[in-house]
Amino acid sequence: MFDYLIVGAGFAGSVLAERLASVHNKKVLLIDKRPHIGGNAFDFYNDAGVLVHKYGPHIFHTNSSQVFEYLSQFTEWRPYEHRVLASVDNMLVPIPINVDTLNLLYKLKLTPDQMEAYLASVAESCSSIRTSEDVVVSRVGRELYEKLFRNYTRKQWGLDPSELDPSVTARVPVRMSHDDRYFSDTYQAMPLHGYTRMFEAMLDHPNIQIMLGTDFGDLRARVDYRELVYSGPIDEYFNYCFGPLPYRSLRFRHETHDRARFQVAPVVNYPNEHAYTRITEFKYLTGQDHKGTSIVYEYPQAEGDPYYPIPRPENAVLYRRYQELAANSKGVHFLGRLGTYKYYNMDQVTAQALALCARLTGASSPAIAHKFMTVAAKTSMIAQQPALENEPQEAA
């Protein structure tokens, strides 16, 4: 008899399993239908010996000291500040938009102090912000919207920004400076030996049994457990009784090249006619010293593994119907990006798992649980526009 059956060995399930097993002495069975732990953050050494992220780039960043300190029990860190360029008008310009982006695109000589006035001069007035398009054009104007945002968003979501909720681009940052970092969080680092090694250390406990390549539907009637934690798709758990929740998926094309560098930045975005949205070169992320280099192209698509919940009002209404079923399912708890139909970054999923552990065990005060839930609820600046982490960019 297990105290908990946890479905999904990504960040959500693994963090919860570790806390329940090591702190509260609970017997945990952790399963995943994939043949590995780590969820979408899984990394491995390819045939050429290059450390790559199988499911696209995962960049760890957080403002939560509690989350960073928790994960630091299982890994050392390599300091890393992520930088992204966009291929526009036959040149590479910094993303997020900063003063250098404008100066390169328009051959200007703006100073940071002049940037706000310039953007105000090109921004379009919107009486109300109803869509993602409204958010961007009201901030940076129509031309920058067309150059940097519209096509990228259409490829990523399969929808025009005018059809998407404002949340998709509401937190797209604009830097009134030369700061070209993709994130501005307090803690920005990569696990020194990779994410998989971190998960291995996290799950190395006698109270945790792991079963990989295991489907929950095939196992649920054959295992005795007291409570269930499910981090898979919530609509799948309820047999799609209200219909499937819409997701975007990704196809990855990995390549290895016999040269030290492939491109001049860790990630280059392609907000243009290319079928792919971006190219990532992993050695920038990992700091690995290797004579060759490996890259990945990302192609958004409608079919495949669910990565990104599509933020549209009708989808939120559908999710709430499943949420009501979940609230009335005794002994079943839903967790993670797929279990709660929210685009969470890795630190947010970690905080959500810590908060759920506090609630399940009653070992922490309500204030502690609330603190972790607050971290989980806060979206990072671009959590709704997955140009990165695959934050992939990271499904738990």
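**Notes for a first look at this model**

1. Let's start with arginine 337, which sits in helix α12, spanning residues 336-340. This arginine is buried, with a relative accessible area of 0%. Proline 306 is 31 residues away from arginine 337 along the chain, and their C-alpha atoms are separated by 9.7 Å.

2. Before going further, bear in mind that this is a predicted model. The mean pLDDT of the protein chain is 92, with 91% of its residues at 70 or more. One stretch to treat with care is residues 379-396, where pLDDT stays under 50. The model still has 107 contacts beyond four places in sequence for that stretch.

3. Next, have a look at tyrosine 307. You'll find tyrosine 307 in the loop between β15 (293-301) and β16 (308-309). Although in a loop, tyrosine 307 counts as buried, because its relative accessibility is 3% and the cut-off for buried is under 20%. Its C-alpha atom is 6.5 Å from that of tyrosine 247, and the two tyrosines are 60 residues apart along the chain.

4. Now for a helix pair. Two packed helices are described by the angle between their axes and the distance between the axes. Here, helix α1 (residues 11-22) and helix α7 (residues 195-202) have axes that come within 9 Å and cross at roughly 30°. That makes α1 roughly parallel to α7, since angles under 35 degrees count that way.

5. Which residues meet across this pair? From α1 come Phe11, Ser14, Val15 and Glu18, and from α7 come Tyr195, Met198, Phe199 and Met202. By type, the residues of this contact divide into six nonpolar, one polar and one charged.

6. Two of those names come up again in the largest nonpolar core, which has 82 residues. The residues with the most contacts inside that core include Phe11 and Tyr195, and also Ile6, Leu16, Leu71, Ile97 and Leu148. Take leucine 148 as an example: beyond its neighbours within four places in sequence, leucine 148 touches Ala86, Val88, Val93, Ile95, Ile97, Thr101 and Pro271. There is also a second, separate core, made of 23 residues, with Phe2, Leu228, Tyr230 and Leu338 among them.

7. Ile95, one of the contacts of leucine 148, also takes part in a peptide bond worth checking. The bond from isoleucine 95 to proline 96 is cis, with omega near 5°. Proline 96 itself is in the loop between β8 (91-95) and α3 (99-106).

8. Two asparagines deserve a glance at their backbone. Asparagine 25 has a phi near 55°, a positive value in a residue other than glycine, and asparagine 239 also has a phi near 55°. Asparagine 25 lies in the loop between α1 and β2 (28-32), while asparagine 239 lies in the loop between α9 (234-237) and β12 (247-257). Are these residues buried or exposed? Asparagine 25 is exposed, with a relative accessible area of 56%, and asparagine 239 is exposed too, at 65%.

9. Last, proline 206. This proline lies in the loop between α7 and β10 (208-212), and it counts as exposed because its relative accessibility is 76%, against a cut-off of over 50%. How far apart in space are proline 206 and valine 28? Their C-alpha atoms are 9.5 Å apart, with their positions 178 residues apart in sequence counted as separation.

Notes: Residues numbered from 1 in each chain as written. Predicted model: local features only at pLDDT ≥ 70, side-chain atom pairs only at ≥ 80, totals over all residues. Heavy atoms only, no water. Axes fitted to C-alpha atoms, helices over the stretch in contact; angles between N-to-C directions. Helix = DSSP H or I, 4+ residues; strand = E, 2+ residues; numbered from the N terminus. Parallel < 35°, antiparallel > 145°, perpendicular 65-115°, else oblique. Contact = heavy atoms within 4.5 Å. Nonpolar A, V, L, I, M, F, W, Y, C, P; charged D, E, K, R; others polar. Core = buried A, V, L, I, M, F, W, Y, C linked by side-chain atoms within 4.5 Å. Buried < 20%, exposed > 50% of the residue type's maximum accessible area, 1.4 Å probe, protein only. pLDDT = per-residue confidence, 0-100.
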